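Good morning, everyone, and thank you for making the time. Let me put the structure up, and then I will talk through it.

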Amino acid sequence: MEVLLNPWPWYVSGPLIALVMALLLYFGKTFGMSSNLKTLCAMGGAGKFSDMFRFKWRDQIWNLTVLVGAMIGGFIAVNYLSNDSGTDLNPKTVLELQTMNFETPGAKLVPDEIYSFDAVASPKGLILLIIGGLLVGFGTRYADGCTSGHAITGLSSLQKPSLIAVIGFFIGGLIMTNFILPLLF
Amino acid sequence: MKLLKYLLVGIFFGIVLVKSEAVSWFRIYEMFRFQSFHMYGIIGSAVISGIIFLQISKRGYIKSFKGAHIFVPKKENGFARLIIGGTIFGLGWALIGACPGPMYILLGAGVWSMIIVIAAAVLGTFIYGILKNKLPH
C-alpha cells in the first residue's frame, strides 16, 4: 500500500500516461485536453464571434467527460491515495525557491504564494493567475495543441509539427522560469 | 453508459498525473531549471511507450474496439503558429505550473483558485478565435 501512497516514479507514470493515450485511440478518439477549452467556448455561444467555434460541440461530450473524470481522479488521488510525503525536489531547487520567498517548496502541489486565498486576493496574485491562464488558452489554440496533443500524442506518432510546438513550449517555459519568475518573486 | 469508459479513463488520468507529480508547480519549475530528471523521465518514457504502441498498432496487431485501424489525426503543418503559439503556451505553463489537463485535475484536488486560471484559459482560447485571421500561421 505504501508504494501506492508514495509518489510514483517516472518510469511507472510515463508509460501509464501513454496508456491513457492508447485507451482513447482504442475507443476511436484522440488524447487532447486543450480541445475542451474550445468546446467550452462553443457551448457558451462563441460561434457568434468566430467560425472556429462553429462546430457540433455535442460530438465533444466524450472529451468533457474525460475532463470530469480527471477532476474526480485528482480528488481521489489527493484524498485517498496520498500520504504527506510531499515532493522530493532537488535541494538546490528548494533553496533557490526559498530565496525567492517561497516558504515551503514541494510541501503541496502548488505554492501558496501563487494559489492561496491570500495570494489570489492580492492584485498581483490575481493578475498572475489571469495572465497565466490567458497565455495557456491562447497559446495552445494558436499552436494547435498542448502537452497531451503535441508532446504525448504528436511526438508518439512522430509528427514534425508537434516537435516544433514542443520546442516552442520549452522556449516559453525556459524564458518564464529563468528570466521572468525571478523578477516577479 | 457509452460515456462511462471516458469517465473511467479520465479518473485514471487524474490519478496518474497527481501521483506522478506532473501537476506539481514545483516539478515544472525544476524541469525548466534543469535541476531534475523527473519530468523528462515522465515525458520521455510516455513518448517511448507511445511510439511502441503506435508502431505495433500500425502493423495491425492492435485494432480499435470497433475493429478499425488505430488512427492518429495529422497535426496541421506550419512553422510560425507552432513556434509562436508554443512559446506563448510555454510562458503560461511555467508561470502557473499547469497545462490544460492538470488545471482541472488540480481543481478536483481542491485548488479552488484554479477556477480563475480555467476561466482565463477559456477566454484566451476565445481571444485566439477572434484574432486568428490576423495572426501569422
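V3(A) is exposed, because only 8 other C-beta atoms lie within 10 Å; the cut-offs here are 20 or more other C-beta atoms within 10 Å of a residue's own for buried, 12 or fewer for exposed and partly exposed in between, with C-beta atoms placed from the backbone. This residue belongs to helix α1 of chain A, residues 2-5, where helices are DSSP runs of H or I with at least four residues, strands are runs of E with at least two, and both are numbered from the N terminus. Between the C-alpha atoms of V3(A) and L67(A), which are 64 residues apart along the chain, the separation is 26 Å.

A word on what you are looking at: this is a predicted model, in which local features need pLDDT of at least 70 and side-chain atom pairs count only at pLDDT 80 or more, while totals for chains, interfaces and linings use all residues. Residues are numbered from 1 along each chain as its sequence is written, and chains are lettered from A and ligands numbered from 1 in the order in which they are written.

L67(A) brings us to the annotations. For chain A, an unreviewed UniProt entry lists "transmembrane region" at residues 12-28, 61-81, 125-143 and 163-184; the positions are in the numbering used here, feature names are shortened, and annotations may be inferred rather than shown by experiment. In the model, residues 61-81 of chain A are 95% helix and 0% strand, with end C-alpha atoms 28 Å apart, and residues 125-143 of chain A are likewise 95% helix and 0% strand, with their ends 27 Å apart.

How many residues of chain B are in contact with chain A? There are 101, set against 106 residues of chain A, where contact requires C-beta atoms, placed from the backbone, within 7 Å. On the chain B side, α4(B) gives the most, with 16 residues.

That helix deserves a moment of its own. α4(B) has 17 residues and reaches 24 Å from its first C-alpha to its last, close to the 24 Å expected at 1.5 Å a residue, the expected span being 1.5 Å times one less than the number of residues. Because 15 of its 17 residues are buried, α4(B) is largely enclosed by the rest of the structure. After α4(B) comes G97(B), whose phi is positive, near 70°.

Finally, the unreviewed UniProt entry for chain B places "transmembrane region" at residues 38-57, 78-98 and 104-131. Residues 38-57 of chain B are 100% helix in the model, whereas residues 104-131 of chain B are 82% helix.

Definitions and conventions:
Two residues are in contact if their C-beta atoms, placed from the backbone, lie within 7 Å.
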